[in-house]
Amino acid sequence: MDHFQYHGGRLRAEDVPLEDIASEVGTPFYCYSTATLERHYRAFADAFAGMDAMICYAVKANSNIAVIGALAGLGAGADVVSGGELKRALAAGVPPEKIVFSGVGKSEDEIAAALKAGVARINIESDPELDCLNRVAASLGVTASAGIRVNPDVDANTHEKISTGKRGNKFGIEWTRTHEVFIRASAMDAVSLTGVAVHIGSQITDLKPFEEAFVRVRGLAAILRADGHLIDSLDVGGGLGVSYEDGGDVAPSPADYAKTVKSALGDLGCKLIIEPGRAIAGNAGVLVMRVIYVKEGASRTFVIVDAAMNDLLRPALYGARHAIVPAREASSGANWREVDVVGPVCETGDVFAKQMLLPEVKTGDLLAIRTAGAYAAVMGSFYNSRPLAPETLVKGDAFQVVRERISVDDLMARETMPPWLESGG
Ligand SMILES: *Cc1c(COP(=O)(O)O)cnc(C)c1O
């Protein structure tokens with residue numbers, strides 16, 4: 001459920017018609033709903049209520065500081081995967097003791113920044129990273145609170161580009177080596193390794209792979225404890241999927257997901273760290289765009305819109321399918337047609353939908369791509385020298401631009417001609 005619904009024939013974000021935002025900020029633009037973000041965060045918070053659990057929103061899904069701030073205001077922590085995301089989480093008001101730092105290639109500078117900020121936990125993903133963490137913590141005179149991200153070798157049954165917990169993926173340390181890494185860490189002065197973490201992938205719509213991974217973590221915790229290691233926290237990662245289109249995959253609820261976590265790991269006396277990203281932000285956003293042309297091709301009709309793969313990469317990158325709806329509700333007598341919805345970028349892959357049934361549209365009409373709140377604006381680029389779409393946030397009947405459009409002039413202002421190319425010299 002989200003808060004993008006028709007009222008009087010106009011698609012609204014909460015109480016604000018998307019047409020009104022379009023006339024003020026232009027197209028394309030992203031629009032997020034505070035009520036949907038809150039509803040999804042609360043679904044997780046309620047599902048884990050009464051347990052020693054910390055819900056750390058995975059900032060990479062949507063890192064706008066207003067989005068992080070809305071969640072932080074409800075008590076959310078943050079899972080960050082770069083120094084930049086750490087900066088954003090802190091700026092948005094997430095307390096450092098609720099921040100977990102994940103990622104396969106944290107640099108020395110990023111590790112130092114996290115230690116100085118006093119984050120709750122740094123999840124290491126390799127032996128050299130463990131060494132680096134020890135060295136940097138020692139040089140700062142602190143003890144790093146760490147977890148080990150293990151690769152549990154389970155198949156998440158998701159798109160290959162977002163599967164992360166299978167042997168051969170770059171993430172984590174092979175689960176069979178966990179014990180050895182703990183022994184090495186226990187000889188280190190500046191690292192306190194007391195956690196085990198997994199994150200097996202994203203857009204997972206079946207609870208089985210989660211269960212397999214958590215059972216593996218449970219087994220590891222038992223072995224490590226039997227050997228005298230303190231294990232005080234278990235990080236189950238994120239990965240719960242969302243529904244992108246009618247008739248597509250349906251994801252389990254946060255409540256059902258929580259049951260899976262609890263039954264595998266709830267009785268171990270450990271703090272649980274839950275890192276949902278997509279499940280919180282995905283359905284809390286839409287990408288609004290205008291039709292530029294309707295082109296009758298040889299065998300198909302192309303609806304050419306002013307948003308493109310540089311604004312929303314998921315269809316081109318993952319073959320993802322998103323529902324697309326008109327900002328004006330189709331009348332009962334509308335003429336529905338099968339069309340391809342495509343962007344203006346010079347790439348054959350710049351296609352949002354193939355053979356999709358849409359009510360007849362014309363130049364100037366507004367369309368919204370649904371479920372564009374996660375892994376959407378964050379992947380925006382300037383490709384084809386297109387501006388970066390602005391982001392807006394709605395709350396009730398109010399809306400605010402939370403990132404301005406970043407223009408080509410802004411971009412060119414950072415480019416220079418080398419002296420040997422300057423004319424007249
Ligand atoms: C990306 C990521 C998440 C969030 O994944 P979602 O599928 O968006 O829930 C959580 N934890 C880690 C370590 C991640 O890399």
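Which side chain has an N or O atom 2.5 Å from an oxygen atom of the ligand? The side chain is that of Tyr375, and the exercises below start from this contact.

The model is predicted, so that local features need pLDDT of at least 70 and side-chain atom pairs count only at pLDDT 80 or more, while totals for chains, interfaces and linings use all residues. Residues are numbered from 1 along each chain as its sequence is written, and side-chain values use heavy atoms, with hydrogens and water left out.

**Exercise 1. Describe the surroundings of the ligand.**

Step one is to list the neighbours: 14 residues surround the ligand, and the closest are Lys60, Ser202, Glu275, Arg278 and Tyr375 (a residue is near a molecule if one of its heavy atoms lies within 4 Å of it). Step two is to look for polar contacts, each a pair of N or O atoms within 3.5 Å. An N or O atom in the side chain of Ser202 is 2.3 Å from an oxygen atom of the ligand, whereas Arg278 contributes a polar backbone atom, 2.7 Å from a ligand oxygen.

**Exercise 2. Locate the second largest pocket and explain its position.**

Begin with the term: on a 1 Å grid over the protein atoms alone, a pocket is an open set of points with protein on both sides within 12 Å along at least five of seven lines, a cavity is a set of points where a 1.4 Å probe fits but cannot get out, and lining residues have an atom within 4 Å of a point. The second largest pocket holds about 590 Å³ of space, a volume being the space filled by probe spheres set on the points. Its lining has 37 residues, of which Lys60, Val81, Thr164, Phe171 and His199 lie nearest the centre. By class, this lining divides into 13 nonpolar, 13 polar and 11 charged residues. Because domain 1 (4-31 + 283-412) and domain 2 (34-279) both give residues to the lining, the pocket lies between them.

**Exercise 3. Find the cavities and say what lines them.**

A search of the whole structure finds 2 cavities of 30 Å³ or more. The largest cavity has a volume of about 50 Å³, and its lining includes Val294, Arg337 and Glu360. Strands E15 (301-305), E17 (336-342) and E18 (351-359) each supply at least two residues of that lining, which has 6 nonpolar, 1 polar and 2 charged residues. The second largest cavity holds about 40 Å³, and among the residues that line it are Phe44, Gly238, Tyr257 and Glu275.

**Exercise 4. Work out the sheet that holds E1, E2 and E3, and the backbone around it.**

First, take the order: 3 strands form an open sheet in the order E1-E2-E3, with antiparallel pairing (strands are DSSP runs of E, at least two residues, and two strands pair if DSSP finds at least two bridges between them). Strand E1 (4-7) and strand E3 (16-17) stand at the edges, each with a single partner strand, so one side of each is left without a neighbour in the sheet. Next, E1 and strand E2 (residues 10-13) pair over 4 bridges, and Phe4 stands opposite Ala13 in E2. Then turn to the loop between E2 and E3, where Glu14 is placed; phi of Glu14 is near 50°, a positive value in a residue other than glycine. Finally, a cis peptide bond with omega of about -5° joins Thr27 and Pro28, and Pro28 lies in the loop between helix H1 (18-25) and strand E4 (29-33).

Definitions and conventions. Ala, Val, Leu, Ile, Met, Phe, Trp, Tyr, Cys and Pro count as nonpolar, Asp, Glu, Lys and Arg as charged, and the others, Gly among them, as polar. Domain bounds come from an automatic or database domain assignment. A polar contact is a pair of N or O atoms within 3.5 Å; within protein, one must be able to donate a hydrogen and the other to accept it, and residues adjacent in sequence count only if both atoms are side-chain atoms.
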